[in-house]
Amino acid sequence: MSSSDPRTQATPDETFDVIVIGGGPVGENAADRASRTGLSVAVVEAELVGGECSYWACMPSKALLRPGAALAAARAVPGVEASPTLDPAPILARRDEMVSHWDDSGQVQWLDGAGISLVRGLGRLVGPRLVEVSPEDPDADVDDLPATRLIAARHAVIVATGSVPVLPDTPGLAETDPWSSREATSVQDVPASLVVVGGGVVGVEMATAFTDLGSKVTLLSRGRLLGRSEPFASEAVATGLRSIGVDVRLGVSVTGATSLPDGGARLAYDGPQGKGWVAGAQVLVATGRVPRTGDLGVEVVGLEPGKALAVDDQLEVQGVEGGWLFACGDVTGRVATTHQGKYEGRVVGDVVAARFGKVRPEEARAAGAGGAAREVPEPWSRYAATADHGARTQVVFTRPEVASVGSTEAEAKKAGLPVRAVQYKLGSVSGAVLVAEGYEGTAQIVVDTERQVIVGATFVGPDAAEMLHAATIAIVGQVPLARLWHAVPAYPTISEVWLRLLETYGL
Ligand SMILES: Cc1cc2nc3c(=O)[nH]c(=O)nc-3n(C[C@H](O)[C@H](O)[C@H](O)COP(=O)(O)OP(=O)(O)OC[C@H]3O[C@@H](n4cnc5c(N)ncnc54)[C@H](O)[C@@H]3O)c2cc1C
Ligand SMILES: NC(=O)c1ccc[n+]([C@@H]2O[C@H](COP(=O)([O-])OP(=O)(O)OC[C@H]3O[C@@H](n4cnc5c(N)ncnc54)[C@H](O)[C@@H]3O)[C@@H](O)[C@H]2O)c1
């Protein structure tokens, strides 16, 4: 859009210091921090405040997965009466509670309490610091939605619009009316059988959840499962899925899909044994997500719609003049987890609050204020998302769980680090034996042998999730192994594996 576009000349209906487009978990955090130095902040949200994570992703998926994990834990201890199967009705009812019945009034109340304005509708950039907000579906009955209006930001716009699922252009696939993770996590009627396409995080978690709910699940994956994880984690998850009854087919590429007369679908694929097919009552496509910039108007500031918004460590969008456009969360393409996105939200909120709010001059400088002569904020300061690089965390809530932080061994080697990986079987630790009969799991640390610090860690096993944060602290703190030796794990906890890992390394 040129500066002669009538929308950029129009008087805005309202002006705020900061506009956040997207009221998901990441946008909420950014807005909260940005408002802390007296700036007025508006959040523009097209659907529900709380975003994908609260209603169609993290919360409902974990609510569906927890009962299976609890039952497995009960079964692993003699003397505890465990039911033979799970009952879907109360599981779905609890899921509904966890997503507040897809009602965002609690989150809206929170925004109100924090003094942040909510502007409902789809936000679109129409010029520098200018956002047009319109009802998301212009044809809908929208009595309660405002007509299109123009809002302006005095200082900054922060984009936190998240991501959208990808549907491969496989012939016939779209016509089978496949589920994305939205329909899967909000399921009301559990299908008798489910074919999952994609062996990433959504694929393996949903294969687990729907098996627990009673579906007969087949999972088709082009490569190994969880392709970015340590290979031993991929193998453990494949074994775990097969042990609960999932038909896991690896190395297969879906070539076509046909709808069946009874409402199901048949998928054809090429696999290691040649051509094959599988049919199911429902198909779930879990082949990844892309940043949501397609409908955001980024072309007006010279960026390409559909692409990630590339940011620096202050979350300032690269390639846009004037230091006013920022982005955080899934839309940046950096990391696609809620917690890492919220961390970015806190960083960008603090950067904006310090650069444009009422703070001491040295604080503003530390946050990178000052135009061309500005200082670059220090790594690991509150104005830099340093942990995005070497200390990303993720937990995959399968059985076994996979919890990881930092680099895998392969990533560290690729980055040219001199590393050595050491593993220890969790089942040999007293704490694990007490938690479950026949506990199976593995812990691994990747050590930079020159600096004698940990650069990556992976824990695979029941309840491995809760072991992760110790590793995260060791990595972020760059704690030398010689000092970690003095972090004495309590007996008998599963964390005693830390001692065993250090002994295995040679301490
Ligand atoms: C099935 C599933 C399970 C997951 N489980 C986990 C998990 O256990 N742990 C974890 O850490 N991560 C998990 N994730 C990833 C997590 O959901 C995302 O990383 C997280 O939601 C990103 O937050 P966000 O705020 O960037 O985006 P979102 O949560 O997608 O929020 C973006 C918001 O922006 C709004 N929006 C978009 N465009 C506009 C616009 N133009 N105008 C106004 N509003 C707009 C949307 O309506 C939405 O509310 C899961 C993802 C999926 C799909
Ligand atoms: N517990 C968690 O933290 C959690 C849970 C779910 C999702 N998420 C996030 O959500 C994002 C999306 O998850 P996802 O599983 O959809 O994506 P993903 O990128 O993790 O996995 C996608 C998988 O689909 C495969 N694939 C891609 N195109 C394909 C095609 N045409 N045919 C067959 N397979 C194909 C890929 O090889 C990959 O294995 C992830 O980045 C993840 O971080 C996180």
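Biologist: Gly245, buried or exposed?
Modeller: Gly245 counts as exposed, with 11 C-beta neighbours inside 10 Å. A residue is exposed at 12 or fewer other C-beta atoms within 10 Å of its own, buried at 20 or more, and partly exposed in between, with C-beta atoms placed from the backbone.

Biologist: What kind of model is this?
Modeller: A predicted model: local features need pLDDT of at least 70, side-chain atom pairs count only at pLDDT 80 or more, and totals for chains, interfaces and linings use all residues. Residues are numbered from 1 along each chain as its sequence is written, while chains are lettered from A and ligands numbered from 1 in the order in which they are written.

Biologist: Back to Gly245. Where is Gly245 found?
Modeller: In the loop between α9 (231–243) and β10 (247–250). Helices and strands here are DSSP runs numbered from the N terminus: H or I of at least four residues for a helix, E of at least two for a strand.

Biologist: How far apart are the C-alpha atoms of Gly245 and Gly274?
Modeller: They are separated by 23 Å. Along the chain, the two glycines are 29 residues apart.

Biologist: And Ala76 with Ala436, what separates their C-alpha atoms?
Modeller: 4.8 Å, though their positions lie 360 residues apart in the sense that they are that far apart along the chain. Ala76 is in contact with Ala436 and Glu437, leaving aside its neighbours within four places in sequence. Contact means that C-beta atoms, placed from the backbone, lie within 7 Å.

Biologist: Where is Ala76 placed?
Modeller: In the loop between α4 and α5. Ala76 is partly exposed, with 15 other C-beta atoms within 10 Å.

Biologist: Let's do those two helices. At what angle do α4 and α5 pack?
Modeller: About 150 degrees, with their axes 9 Å apart. α4 covers residues 58–75 and α5 covers residues 88–98. Axes are lines fitted to C-alpha atoms, for helices over the stretch in contact, and angles run from 0 to 180 degrees between N-to-C directions.

Biologist: So how are α4 and α5 oriented to each other?
Modeller: Roughly antiparallel. Angles over 145 degrees count that way, under 35 as roughly parallel, 65 to 115 as roughly perpendicular, and the rest as oblique.

Biologist: Which residues meet there?
Modeller: From α4, Met59, Pro60, Ala63, Leu64 and Pro67. They meet Ile91, Arg94, Arg95 and Met98 in α5. By class, that contact of α4 with α5 has seven nonpolar, no polar and two charged residues. Ala, Val, Leu, Ile, Met, Phe, Trp, Tyr, Cys and Pro count as nonpolar, Asp, Glu, Lys and Arg as charged, and the others, Gly among them, as polar.

Biologist: What about α4 and α8?
Modeller: Their axes come within 9 Å and cross at roughly 55 degrees. α4 and α8 are therefore oblique to each other. Ser61, Leu64, Leu65, Pro67 and Gly68 of α4 make the contact with Glu205, Thr208, Ala209 and Asp212 of α8. The residues of that contact divide into four nonpolar, three polar and two charged.

Biologist: Ligands now. Which residues come nearest to ligand 1?
Modeller: Gly22, Gly24, Gly51, Gly162 and Gly329, out of 37 residues around ligand 1. Near means a C-beta atom, placed from the backbone, within 6 Å. Elements that give two or more residues to this shell include α2 (25–34), α4 and α10 (338–356). By class, the shell has 13 nonpolar, 17 polar and seven charged residues.

Biologist: And ligand 2, which come nearest?
Modeller: Pro168, Gly198, Gly200, Val202 and Ala336, of the 24 residues around ligand 2. α8 (201–213) and β17 are the elements that give two or more residues to that shell. α8 gives the largest share, four residues. The shell divides into ten nonpolar, eleven polar and three charged residues.

Biologist: Backbone oddities next. Which peptide bond at Pro400 is cis?
Modeller: The one from Arg399 to Pro400, with omega near 10 degrees. Pro400 sits in the loop between β17 (393–396) and β18 (401–406). The bond from Tyr491 to Pro492 is cis too, with omega near -5 degrees.

Biologist: What is phi of Trp102?
Modeller: Near 55 degrees, a positive value in a residue other than glycine. Trp102 lies in the loop between α5 and α6 (105–113). Trp102 is partly exposed, with 14 other C-beta atoms within 10 Å.

Conventions. Two residues are in contact if their C-beta atoms, placed from the backbone, lie within 7 Å.
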